[in-house]
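Ready for a few exercises on a new structure? Take a look at the sequence and the 3D view first, then work through the tasks one by one.

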Amino acid sequence: MMGRASSPASLRRDLWLAAVLACGVMAVMLALYWPAIQAMAFRDGDDALRLVQVRDLIGGQGWFDASQHRINPPTGGLMHWSRLIDVQIAGLILLLQPLLGKAAAEQWAVALYPPLLLLPLFLIFACVMRRLSDDRAVVAAGLLLAATTVTFLHYFVPLRIDHHNWQTILSVAMLAAALGKADWRHGLLAGAVMSLHLAISLEALPYLLIFGGIFALAWLRDAAAGARLFAFVAALALCAPLLLLATRGWDGIAGDWCDAWSRPYLLGAAVAAAMLLAGSRAAIMQKDWRARLVLLGIAGAAGALVLAWAAPACLAGPFGSLEPLVRDHWYRDVAEGQPLWRQKPEQIGLLLAPSLAGLALTFAIWRRKAPGPMKARWEAMLLVLAASTLLSLLVMRTTAVTHIYALPALAAAGVALWRHGQSRKSALARILGSLAVLLVLPAVLGQFAATATTAVLPPARPRPRRSGRARPMPISRCWRGSGRALSCRRSTSRR
């Protein structure tokens, strides 16, 4: 059982602290980015294009028409971005417009929208910390670390209006659901969150596999945990198509797009869910874990086969069917979408060290915990962090979520170091023990590792390009197999 510190009053204090820290970070961000806000200086082309999407929506472009007609006239370039993001920004602009005027309302909306999302992020993360520790100091330390970890905070700075901030929030929400009780309520919650995650971006697919695997493993070990797994897959099978229908219309469900949650993925998920739910009714599933393992294998294989049958091109990945010109002169130059080992040496150390430190500390905490609910939660945390660390090696952008997952263990270690230092009799020992707390800060860990990797690893070499001048390609061809308007625009302007 949880101790007194886990009372509703303690949780409310944690949530208040989370809200105060979120507001504080928001104020600092607005101050630091004020020159960029005044100049509307977007750091990324995707953020600028998102504003174009919002302007078109406010200007009367259809809800289900997410095409960018300026990029590929007259038919337009089909965008697979979600209206769920557009409508929030548009709503904020329309809310401010009567007070500030059109131009100022737009400027303040793009400045305030990303930092405002820190509030749900910090509130959800406070729940994660509370489920992993009864110690108020550890919870507070985790929130303080979150307020200083720039590797994911940069997605919440003013003008970053693309969907990466919502991806981060929903990934943390999935962790909160996974650390809850293995009952049908948390399964329904996880299924709804994952459906929203997938509707916003297909980059949620690895997290579907991670958390689906966590729920499946729990069912293998305990038949009673099946309630969460079955509620999760049922909610996903129901909510995901409904969200697509509400935001993209029938074309969103019937289309075959490899870079967005669409018909091939829906069919695969539906078949796997149907087979799992039907097979789970057999009496042997309650008695034999081997039977449950066979059912999971059959359901997973059936879903994969349906996906391969419905859209074989998607087996090459979301961008597997890109035209060579787009792939070579745009996609491979997007550093955040590339593996970690293709980054600069200092970036490798900066990004990898907090993940590995958090993973090692999570393992140590799990081993020291006595058997019980708290040990089970730390075990789930260990599995999620291990999978997320592996994912971040393959796609650098996902390091942001991995660092959030690493914070609970880093916070627990920081509090332990502080208390150990303060328990020493010598003043020097207490000072050194207090300074040792800095070692759990992701920024400090990253800087030490960046210095080491820069000294050890050779400088990164520029990626070789194909010799010769690239032959111009009609814009219409760029769209075949590519769901991102910006990719075509960039690819046809570079040689």
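A residue is called buried when its relative accessible area is under 20%, exposed when that value is over 50%, and partly exposed in between. Keep in mind that you are looking at a predicted model.

**Exercise 1. Decide whether Thr362 is buried or exposed, and find what it touches.**

Step 1: Find Thr362 in helix α16, which covers residues 345-368.
Step 2: Check its relative accessible area, which is 0%; that is under the 20% limit, so Thr362 is buried.
Step 3: Look for its partners. Leaving out residues up to four places away in sequence, Thr362 touches Trp378, Met381, Leu382, Leu385 and Ala409.
Step 4: Take one of these partners, Met381: the two are 19 residues apart in sequence, and their C-alpha atoms are 7.5 Å apart.

**Exercise 2. Work out which parts of the chain the salt bridge between Arg130 and Asp14 links.**

Step 1: Start with the general idea: side chains of opposite charge can pair when their charged atoms come close.
Step 2: Here the side chains of Arg130 and Asp14 meet at 2.6 Å, N to O.
Step 3: Place both ends. Arg130 sits in helix α6 and Asp14 in helix α1 (residues 8-32), so the pair links distant parts of the chain, 116 residues apart.
Step 4: Check the surroundings: Arg130 has 5% relative accessibility and counts as buried, and Asp14 is buried too, at 4%.

**Exercise 3. Find the network of salt bridges that Arg50 belongs to.**

Step 1: Begin with the bridge between Arg50 and Asp162, at 3.2 Å, N to O.
Step 2: Locate the two: Arg50 is in helix α3 (residues 45-58), while Asp162 is in the loop between α8 and α9, 112 residues apart.
Step 3: Read off the accessibility: 0% for Arg50, which is buried, and 2% for Asp162, also buried.
Step 4: Widen the view. Arg50, Arg83, Asp86 and Asp162 are linked in a network of salt bridges. The whole structure holds 11 salt bridges.

**Exercise 4. Say what the pair Glu203 and Arg397 ties together.**

Step 1: Their side chains form a salt bridge at 2.3 Å, N to O.
Step 2: Glu203 lies in the loop between α10 and α11, and Arg397 in the loop between α17 and α18, so the bridge ties together parts that are 194 residues apart in sequence.
Step 3: Compare their cover: Glu203 is partly exposed at 30% relative accessibility, whereas Arg397 is buried at 15%.

**Exercise 5. Describe helix α10 and its cover.**

Step 1: The helix runs over residues 184-200, and its 17 residues reach 24 Å from first C-alpha to last, close to the expected 24 Å.
Step 2: List some buried residues of α10, including His186, Val193, Met194 and Leu198.
Step 3: Find the cover: among the elements over these buried residues are α4, α6, α9, α11 and α12.

**Exercise 6. Decide where to read the model with care.**

Step 1: Get the overall picture: the mean pLDDT is 84, and 88% of the residues score at least 70.
Step 2: Look at the extremes. Confidence is lowest in helix α21 (residues 475-478), with a mean of 37, and highest in helix α6, at 96.
Step 3: Residues 467-495 have pLDDT below 50.
Step 4: Where pLDDT is low, the predicted coordinates should not be read in detail.

Terms used: Residues are numbered from 1 along each chain as its sequence is written. This is a predicted model: local features need pLDDT of at least 70, side-chain atom pairs count only at pLDDT 80 or more; totals for chains, interfaces and linings use all residues. Side-chain values use heavy atoms; hydrogens and water are left out. Helices (H or I, at least four residues) and strands (E, at least two) are DSSP runs, numbered from the N terminus. Buried means under 20% relative accessible area, exposed over 50%, partly exposed in between (1.4 Å probe, protein chains only). Contact means heavy atoms within 4.5 Å. pLDDT is the predictor's confidence in each residue, from 0 to 100. The expected span of a helix is 1.5 Å times one less than its number of residues. A salt bridge is a side-chain nitrogen of Lys or Arg within 4 Å of a carboxyl oxygen of Asp or Glu.
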